Amino acid sequence: MRNTLAIARRELHAYFSSPIAYIMVGLFALLFGWMFYSFLSFFSEQSLRMSQFGMAGPQALNVNEMLIRPLLLQAGIIILIFVPTLTMRTFAEEKRSGTIELLLTSPLTDWEIVLGKFLGAVGLYAVMLLLSSLNLVWLFVYGDPELAPVVTGFVGLLLLGAGFIAIGLFLSNLTRNQIVAGLLTYAALLMLLLVSWVGESAGPVGKAIVSALSVFQHFEDFSKGVVDTQHVIYYLSVITFGLFLTARSVDADRWRG
Amino acid sequence: MIEVQQLTKRYGPFTAVDGVSFNVAKGEILGFLGPNGAGKTTTMRILTGYMPPTEGRARVAGFDLQDSPIEAKRRIGYLPETPPLYPDMTVRDYLLFVARIKGVPPGDQAGRVQTVMERTHVADMGRRHCGKLSKGYRQRVGLAQAIIHNPDVLVLDEPTAGLDPKQIIETRQLIRSLAGDHTIVLSTHILPEVSQTCQRVVIINKGRVVAEDTPDNLTARLQGAASVYVQVDAQGGDAQAVLAGIPGVTTVAVAEQQGPLTGYEVQSEAGRDIRRSVASALVGAGFGLVELRPMRMSLEEIFLQLTTSDVPEEVARA
Ligand SMILES: Nc1ncnc2c1ncn2[C@@H]1O[C@H](COP(=O)(O)OP(=O)(O)O)[C@@H](O)[C@H]1O
Ligand SMILES: [Mg+2]
């Protein structure tokens, strides 16, 4: 555990000693904020219109349904753009510069290295989410939304992103060129997004395959305030599978030399 | 302290290391000498647990690299060919990180970092980013990370390559000063380097060990017997007697016989060039001299490659 944390700490150090972390965190907060305020203005327009028709009070539009849910769904899609930049460096750069030789000759297990890098990236990603969630504080100051769907929505975003990160780590270990690693990850995540769109018109067998692959579908319930163990298990399996592939590929590199 | 048995490493069909065996006793400095591409780096990578061998075994401080890699790695410090530095970290942060992953107890980490920075003369660079260090300082920080956990065994891959003459002298002094506490294996492709630093030398070429001895013995062995091959049209005379009579010649042996032509292998005393006297003696005695060439043992050929250093002679000997 101590070893894993040492690696995670170095990863965070690397993120924050280059402009990458600040750009990513800032850009995501900006995008999230922009989406938030455009949903918000649309929402207030709608509620204003409805109140003009005398439907105020209990019939008022639901903030969670009309604002927070679509916002989180959209955020789930834009993290697809952010994750590759978080993970592309992780292994590719260590291989290019030769520092992987330090890690692999230190008394560490492959899992400690892989988990450390995973936790580092997830740590930065959590900071991204946390900062963006500050936007929603306004809603609680001026309105009365339900807290549960907001919290579960962010838990869902965290799991979704962590799954993406696990995939990105694996792809970063396939090359010593971080740009290639980033593009590979971007392509892989884009495919997962397309699969969930295509899946809607597939047959029963197709649907089953698609549902296993469609990381986005499993996210929807979280934004409704429901934490279904089935979905949690789904994301935990994606993460485990990604990390397992990464650890295997670290070991395979040894034999390749 | 180090036992290497029949190590073989193949990259696909290519054999980079071929049945290499050697032992290193506690406290010894072993030089691993060989031209570029000989398999030095590959051997060291196996020895440090970076990659497994295709065949063979390596044990360090009593632990087999394949059976107990973690235990073995705890006892090894490794400086790869390029120091494994993170350019975005300061020297102190970097060494603290290495101390953590090498298993230095949390309470000792800061103290160890300070100690090794002083030992390798980088104490004034603690706040400098690794990416902004000169080549010489990179190498020293590389050495500092190798000794941070006070390992029993130090493996140094070409620790002086690419340094300027002054830095080479400093690095060698540093390595010699580490010898008391650690068993050291260092590789080099420069012959004079080993005689300066090492107590024993393993010479490797094309993946095989070709010689193993003390630097002094090896040098003596090589300078000792220079030999010359002569082919003579020896009809009607005893060329062997003429050759044996030349001053400086120690032995004469018939190497081959082709019709009227006889080939002799003529050995001379150390450091004596007998080619001119052989030629004039044979011609003077009326024999037809068909061929005359120095004979080189393969070891000597390897040595010739090794002595061609990219460092001026006086520095190499310093
Ligand atoms: N990863 C690799 N894949 C294929 N061949 C390699 C690899 N690493 C080294 N070699 C080859 O193995 C031989 C020995 O290399 P190396 O151990 O680096 O030699 P040295 O360190 O003595 O210069 C060289 O011919 C080199 O080209
Ligand atoms: Mg080498």
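## Polar contacts of ligand 1

In this predicted model, an oxygen atom of ligand 1 lies 2.7 Å from a backbone N or O atom of B:Gly37, and an oxygen atom of the ligand is also found 2.6 Å from a polar side-chain atom of B:Thr42. A nitrogen atom of ligand 1 takes part as well, at 3.3 Å from an N or O atom in the side chain of B:Tyr11. Considered by itself, ligand 1 would expose 560 Å², and the protein buries 66% of that area.

## The shell around the ligand

Ligand 1 is placed between chains A and B, and twelve residues surround it, of which B:Gly37, B:Gly39, B:Lys40, B:Thr41 and B:Thr42 come nearest. B:Gly37 and B:Thr42 thus belong to this nearest group, and each has an N or O atom facing an oxygen atom of the ligand, through the backbone in the case of B:Gly37 and through the side chain in the case of B:Thr42.

In terms of residue character, the shell consists of six polar residues, five nonpolar ones and one charged residue. Two elements of chain B, strand 2 (14-24) and helix 1 (40-47), give two or more residues each to this shell, and helix 1 of chain B gives the most, with three residues.

## Architecture of chain A

Chain A contains twelve helices and zero strands, so that its pattern, when read along the sequence, is α-α-α-α-α-α-α-α-α-α-α-α. The C-alpha trace of chain A spans about 75 × 45 × 30 Å along its principal axes.

## Helix packing in chain A

Helix 8 (residues 147-172) of chain A takes part in two of the helix pairs described here. With helix 9 (residues 178-198) of chain A, the axes come within 9 Å and cross at roughly 140°. Because angles over 145 degrees are needed for a roughly antiparallel arrangement, helix 8 of chain A counts as oblique to helix 9 of chain A. The crossing by which helix 8 of chain A passes helix 9 of chain A is right-handed.

The axes of helix 3 (residues 63-87) of chain A and helix 8 of chain A likewise come within 9 Å, crossing at roughly 20°. Since angles under 35 degrees count as roughly parallel, helix 3 and helix 8 of chain A are therefore roughly parallel to each other. Helix 3 of chain A passes helix 8 of chain A in a right-handed crossing.

Key
Residues numbered from 1 in each chain as written. Chains lettered and ligands numbered in written order. Predicted model: local features only at pLDDT ≥ 70, side-chain atom pairs only at ≥ 80, totals over all residues. Heavy atoms only, no water. Near = heavy atom within 4 Å. Polar contact = N/O pair within 3.5 Å; in protein donor to acceptor, adjacent residues only side chain to side chain. Areas by Shrake-Rupley, 256 points an atom, 1.4 Å probe, with all protein chains shown as cover. Helix = DSSP H or I, 4+ residues; strand = E, 2+ residues; numbered from the N terminus. Nonpolar A, V, L, I, M, F, W, Y, C, P; charged D, E, K, R; others polar. Axes fitted to C-alpha atoms, helices over the stretch in contact; angles between N-to-C directions. Parallel < 35°, antiparallel > 145°, perpendicular 65-115°, else oblique. Left-handed = near helix turned anticlockwise from the far one by under 90°.
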